[in-house]
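User: I'm new to this structure and I'd like a close look at a single part of it. Could you walk me through the stretch of helices toward the later part of the numbering, and how its pieces touch and pair up?

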Amino acid sequence: MGPSGNEGPPRDGVIRTPDRRLRVFVSSTLGELADERQAVSHAISALRLTPVTFEAGARPYPPRDLYQAYLAQSDVFVGVYGQRYGWIGPGMEVSGLEEEFELSRSLPRLLYVKAPAPDRDPRLTDLLARITEDGTASYRHFRTPAELGRLVRDDLAMLLSERFAAARPSATAMALPRTPGPRPLPVDVTSLVGREQAIEEVADLAGRADVRLVTLTGLGGIGKTRLAVAVGERLADRFEAGTAFVPLAAITQPELVLTTVARAVGAELAGTGSPMETLVEYFDDGRWLLILDNLEQVVDAARDIDALLTRCRGVVILATSRTELGLRAERVYPVQPLRLPADPAGGLVAELAASPAVALFVDRARAVRPGFALTTSNAAAVAEICRRLEGLPLAIELAAARTRLLDPDALLGRLARSLDALGVGAVDMPERQRTLRATVEWSVGLLEDAERSLLEVAAVFVDGWTVEAAAQVAGLDEDQALERSEALARHSLIHLAPAGDGPRPRMLETIRAFVAEQLAARPDAAEIRSRHAGYYRELAEQADRQLRGAGLRGGFERLDVEEGNLAAAVRWYLDHDTGPLPHMFRVLWLFWFLRDHLGEAHSWVDQLLPTADSFDLQAQVELASTAAATGVEVGDDEAALAARERLAPLLDGIGDPYLRAVSQLVMAWTSGVVGDFDGALRGALVSLKQLRGQDEPFWTALAACTAGFVEVTVGRHDDALGHLTEMRDLAERLDNPWLAAVSRVYLGTMAVAQGRPEEARAQMDEALELSLAAHSTRGLTLCLAAFARLAFVEGDPRKGGTSGGGSRGPAPPGRPAGLAAAAAPARRSRVGRPGPPGTGRGPVQPTVRRRLPAQPAGGGGRRPRLAQRRHRGALIRSRSMQPTTPCLGPRT
């Protein structure tokens, strides 16, 4: 409602506001509309007007003479109404809210009513009805403070423009003091970090003779303005007429853009025609560089900008905007986040400090904490903070400011919990950039409703999506989804990341966290999450045949990029509908195994097992088989044997020949857990026979591998040779480097056991090259252990122990040693598990995994070149050291 203060009116009866600007009186109730009052105040201040809101040091209710005096000295009245009618003071018949409205009849009035307002006071409803009936004023509805702020800003600008035009003062009266030349470039008070390459690239682009308009795009806080100013400084000597900086953040009407440009360059507008004609005459043929900053809210001025470029041949424009202008002359330069450390967790301090993102954090942290330094104790936390913030400069600066009171480890913990953990930026930052939330909200607020809706739906995706997925989950056709996705990309709210099957839309986590809140508030949020889970369940089921045959590489690549979405779908089904999960688990098991994600899958299977009896026979078999195979692989003997007991009596009832054969193979793997070599071999051979009669090349290869490995273990080398050769041939037929590598490692292992070290070395060398080509952590680990066994045979156990992860010495006759042996504290014989699915968990594998991030073993993958060089160097050294034994197979 109006103002209050601790003092009464001055003796002369005049109460003056502290400045002489145009005053805008804001009338509303206080506590109910606190956020709205603040939004209105910001909107008024953005237009360089004075808001009269009487917030500071106020008493709850103002004296009537005080708010009457302030209202009498105001020039514009803004009324904001919610649900409350307001306070009625002693001797008053109406509330102060209504009296303020009645006293404002001589002023221009802008009125805004919040909706919905289900509990509106009937007296306020009557007042609004009288306002409508009176016809002297009208009001607009709003929903949020941000929307209200935009309405007030636009309406005030239009009101003043209309009043100014109606007055039609003479040219003499309108004359403004001439600006002595163009507005200078802003002077940065902090250093610009990590943008050397971008400055060079943009300067080269803007300096080309055939380029007239360059637009720097990107999310708010990415550093567009700083980059544009740096480029302007670099190019200043090439534009002899001048370089002008034109700030447009406070301009919300496109028709005012050229007027703002004219004032920024020093062109005289008084008494002239249109701003366009003034600028054309002013620029003539001179070489000008105009930096138009923050164009996103006035992109409809693009036609005026295009006309200006057409008529002024010497003008070059460097624009910053969160969205593209859409002109043919435009060259778009997306400003990227700062480069992150290659290895945030394991890099040396010097390597981490060389990252621009980390360097920016350290620089800004020192501004608030002069003694701050990057050390071995905090470097990993700083690097992880920068990674979580995805190299966004504004976010990093806000985070660094928090080091005044928080160490990086504590800050990292807070950052994981909330978008607001970064706090508030410096007071001289633009209001829309003082918090990360405000920055994102500003960008989202520029969207059309349909675009905003799709952005909110996209928050359900994890690590990207496809246009097809977005269409199905949002309930759109693909053309609509494509069109709206393009709009979101133009607004820099999503970006297109390269993927195997084309660009893949992604969203920065800082944006996703904000729009996820909006999604959660939607009435259709549950339906959207259900459609998301259903889409990715179908995607997994469609990949079933691919994963089992010649399409394995393509199937893996598709599932690999959708790994996060698949996990989200599984979690949804665990919470809402477990029925599809046994089949989904069976389909995804091979993918999880080869991608080394069975640890998380194990927990999902455990959650489902208590409800196993509620499923039909096929689903029970799929669940029990998956549980047994997963238990064997992760080393959970108890879980594996319990699943075996559940699976065994179900085998005879399985009608699906593929499921029967695979379940038989899984039973063979579990036989090794209890030391039943004969049972393991017998089960593997039965499964192999069944699979040979089906078109199941990958599982046939696994069954042959299992049989061959058990045969090597028990000394039946001739039979093993046949099965391992069959595996190798199937691998070559499938063009699968991982299977090919595994077969050669076991053939080499058998050659070691038979005393043929040179043949063994040739097989292992080839396996190593195949594993490197496939970027397979699992295959590389297997090679390490195989070289280790060869080293023992050649009489150098020290090298074998070092490379193989500390093997405990040569194995007893007929039993493999090394990694697999070191993994089992009980020292029990455990054969029968296949080479691939029987991964041991000894010292070598964790060591290798720390050095080699997991990659899709089934279909290859991409990793940074630096990482590839490190992997190759580590493994080539291991060949000279000759490591210990098969890492995939029996554990003793």
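Analyst: Let's start with a term we'll need: a helix axis here is a line fitted to the C-alpha atoms over the stretch in contact, and the angle between two axes runs from 0 to 180 degrees between their N-to-C directions. Keep in mind, too, that this is a predicted model.

Two packed helices are described by the angle between their axes and the distance between the axes. So take helix α31, residues 677–692, and helix α32, residues 697–714: their axes come within 9 Å and cross at roughly 150°. Angles over 145 degrees count as roughly antiparallel, and that's why α31 is roughly antiparallel to α32. As for handedness, α31 and α32 make a left-handed crossing.

Who does the touching? On the α31 side, the contact is made by F677, L681, A684, L685, S687, L688, L691 and R692. Facing them from α32 are W699, T700, A703, A704, T706, A707, V710, E711 and V714. Sorted by class, that contact has 12 nonpolar, three polar and two charged residues.

Now hop along to helix α33, which covers residues 717–734 and includes H717. Is H717 buried or exposed? It counts as buried, because its relative accessibility is 17% and the cut-off for buried is under 20%. Leaving aside residues up to four places away in sequence, H717 touches E711, V712, M750, A753 and Q754. One of those, E711, is a residue we just met in the contact between α31 and α32.

Next come the charges. Side chains of opposite charge can pair when their charged atoms come close. The model has 40 salt bridges by the rule used here, and a couple of them involve helix α33.

One is between D695 and R733, with the closest N and O atoms 3.6 Å apart. This pair links distant parts of the chain: D695 is in the loop between α31 and α32, R733 is in helix α33, and the two are 38 residues apart. R733 has a relative accessible area of 54%, so it counts as exposed.

The other joins R744 and E732, whose side chains meet at 2.8 Å, N to O. Here R744 comes from helix α34, residues 737–753, and E732 from helix α33, so the salt bridge ties together parts that are 12 residues apart in sequence. What about their surroundings? R744 is buried, with a relative accessible area of 7%, while E732 is partly exposed at 45% relative accessibility. There's also a wider picture: salt bridges that share partners join D544, R545, R548, R586, E622, D695, E696 and R733 into one network. That network takes in both ends of the D695 and R733 pair.

R744 leads us to one more helix. L768 sits in helix α35, residues 757–774, and the C-alpha atoms of L768 and R744 are separated by 9.2 Å, with their positions 24 residues apart along the chain. L768 is buried too, at a relative accessible area of 0%.

To pull it together: α31 and α32 run roughly antiparallel, the D695 and R733 salt bridge links the loop between them to α33, and the R744 and E732 salt bridge ties α33 to α34.

Key
Residues are numbered from 1 along each chain as its sequence is written. This is a predicted model: local features need pLDDT of at least 70, side-chain atom pairs count only at pLDDT 80 or more; totals for chains, interfaces and linings use all residues. Side-chain values use heavy atoms; hydrogens and water are left out. Helices (H or I, at least four residues) and strands (E, at least two) are DSSP runs, numbered from the N terminus. Buried means under 20% relative accessible area, exposed over 50%, partly exposed in between (1.4 Å probe, protein chains only). Angles under 35 degrees count as roughly parallel, over 145 as roughly antiparallel, 65 to 115 as roughly perpendicular and the rest as oblique. A crossing is left-handed if the near helix is turned anticlockwise from the far one by less than a right angle, and right-handed if clockwise. Contact means heavy atoms within 4.5 Å. Ala, Val, Leu, Ile, Met, Phe, Trp, Tyr, Cys and Pro count as nonpolar, Asp, Glu, Lys and Arg as charged, and the others, Gly among them, as polar. A salt bridge is a side-chain nitrogen of Lys or Arg within 4 Å of a carboxyl oxygen of Asp or Glu.
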